Amino acid sequence: MIPGVFTYHRPSSVAEAVAILANHGDEARPLSGGHSLIPMMKLRMAAPEHLVDLGGIAALKGISEDGDTITIGAMTTQHELIGSDLLSAKLPIIRETALMIADPQIRYVGTLGGNVANGDPGNDMPALMQCLDASYVLTGPDGDRQVAARAFYEAAYFTALAPEEILTSIRIPVPAAGHGYAYEKLKRKVGDYATAAAAIVLTMNGGTVGMCSVALTNVADTPLFASEAGDILTGSTLDAATVKRAVAAAEAITQPASDGRGPAEYRTKMAGVMVERALARAAERARS
Ligand code: FAD
């Protein structure tokens, strides 16, 4: 299958890219790694008349730390996330999650910005960004605005991004030193999207949970921030009854489709299993 006809643009600055998008409205789409957009164009599920390749914009690359915030440029590849010493030290759950995306070929080209901007409920990074309470910097003709990852996703492939905006960077507050973390993903085979997955970040004070953040992948039209589950676990000693209540709270907000990955009831149950496994691993990793 081949995509329809389109005009290819390769701007060298964010301002130039935004101007092209503003000029063409709904007929234009940014192109990052192309590993979601190009297959959709080949299937004719997307038919943009103008492709705005962000690959020539150096300002969209890189990972930096400023005080207690880490900023990741939208064009940073999943491979670069995995290789970053800064992320390994401060936000190791990003490396753990990126390693579960697709395969090395896709990770060499696929970007963090494309993964979170796409609005595909199967993508792994959106739930992780909700778990970490990240914000997305969106740049349009009127300048920058920030939208919390927890407020960005509206429905499958519908997000808060306007057609003339580019997601330029992702800003992540650094969790406390010694925090525990885990991303648990059930998939049918290597390279597959999740049947269900869960991200957890927590801190422990002695045997008590100081804070706990939980988010779910691919068990609804959008990633899910499981705030009630996190609230139930916060302040607990992770006793069996509390964990059971938190798992039930996480399962209760899921609305998965029945598809090739299994019936809806099974995927809801697997979301609960992923939460329980991620919780156990995160608690084991946390230093009091
Ligand atoms: P693109 O394909 O270039 O863009 C995706 C969408 O986002 C497009 O609509 C585009 O217009 C928009 N966009 C891109 N960048 C921006 C921006 N900066 N600002 C505004 N809009 C933007 N992903 C997972 O998370 N988990 C998996 O298990 C997984 N498995 C995969 C398996 C296969 C076989 C393939 C082909 C892909 C898989 N992916 C998976 C998706 C992969 O990670 C994609 O690379 C990623 O989701 C999209 O990133 P991209 O850079 O390729 O974006």
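In this predicted model, the protein chain is divided into domain 1, covering residues 7-52, domain 2, covering residues 61-173, and domain 3, covering residues 180-285. The C-alpha centres of domain 1 and domain 3 are separated by 35 Å. According to UniProt, in an unreviewed entry, the feature "domain: FAD-binding PCMH-type" is placed at residues 1-177. Over residues 1-177, helix accounts for 33% of the chain and strand for 25%, while the C-alpha atoms at the two ends lie 49 Å apart.

The surroundings of the ligand comprise 30 residues, of which Ser-32, Gly-33, His-35, Gly-110 and Gly-114 come nearest. Domain 1 and domain 2 each contribute at least three residues to the shell around the ligand. In terms of secondary structure, at least two residues of this shell are supplied by each of strand 2 (28-31), helix 2 (37-42), helix 7 (112-117) and strand 10 (166-173), and helix 7 gives the most, with four residues. When the shell around the ligand is sorted by residue class, 15 residues are nonpolar, 13 are polar and two are charged.

Within residues 264-285, helix 12 has 22 residues and reaches 31 Å from its first C-alpha to its last, which is close to the 32 Å expected at 1.5 Å a residue. The buried residues of helix 12 are Arg-267, Thr-268, Met-270, Ala-271, Gly-272, Met-274, Val-275, Ala-278, Leu-279 and Ala-282. The cover over these buried residues includes strand 11 (180-186), strand 12 (196-205) and strand 13 (208-217), together with helix 10 (227-233) and helix 11 (240-252).

Helix 11, in turn, has 13 residues and spans 18 Å between its first and last C-alpha atoms, close to the 18 Å expected at 1.5 Å a residue. In helix 11, Ala-246, Val-247, Ala-249, Ala-250 and Glu-251 are buried, and what covers them includes strand 13, helix 10 and helix 12. Helix 11 is thus part of the cover over the buried residues of helix 12, and helix 12 is part of the cover over those of helix 11.

Three loop positions may be described individually. Pro-141 is placed in the loop between strand 6 (135-140) and strand 7 (143-148), and this residue counts as exposed because 12 other C-beta atoms lie within 10 Å. Although Pro-141 and Ala-17 are 124 residues apart along the chain, their C-alpha atoms are separated by 10.0 Å. When neighbours within four places in sequence are left aside, Pro-141 is in contact with Val-18, Ala-22 and Glu-164.

Ala-102 is found in the loop between helix 5 (92-98) and helix 6 (104-109), where its phi is near 45 degrees, a positive value in a residue other than glycine. Ala-102 is classed as partly exposed because 17 other C-beta atoms lie within 10 Å. A positive phi, about 60 degrees, is also found for Asp-133, although Asp-133 is not a glycine. Asp-133 is located in the loop between helix 8 (125-131) and strand 6, and this residue counts as partly exposed because it has 17 C-beta neighbours inside 10 Å.

Terms used. Residues are numbered from 1 along each chain as its sequence is written. This is a predicted model: local features need pLDDT of at least 70, side-chain atom pairs count only at pLDDT 80 or more; totals for chains, interfaces and linings use all residues. Domain bounds come from an automatic or database domain assignment. UniProt positions are given in the numbering used here, feature names are shortened, and annotations may be inferred rather than shown by experiment. A residue is near a molecule or strand if its C-beta atom, placed from the backbone, lies within 6 Å of it. Ala, Val, Leu, Ile, Met, Phe, Trp, Tyr, Cys and Pro count as nonpolar, Asp, Glu, Lys and Arg as charged, and the others, Gly among them, as polar. The expected span of a helix is 1.5 Å times one less than its number of residues. A residue is buried if 20 or more other C-beta atoms lie within 10 Å of its own, exposed if 12 or fewer, and partly exposed in between; C-beta atoms are placed from the backbone. Two residues are in contact if their C-beta atoms, placed from the backbone, lie within 7 Å.
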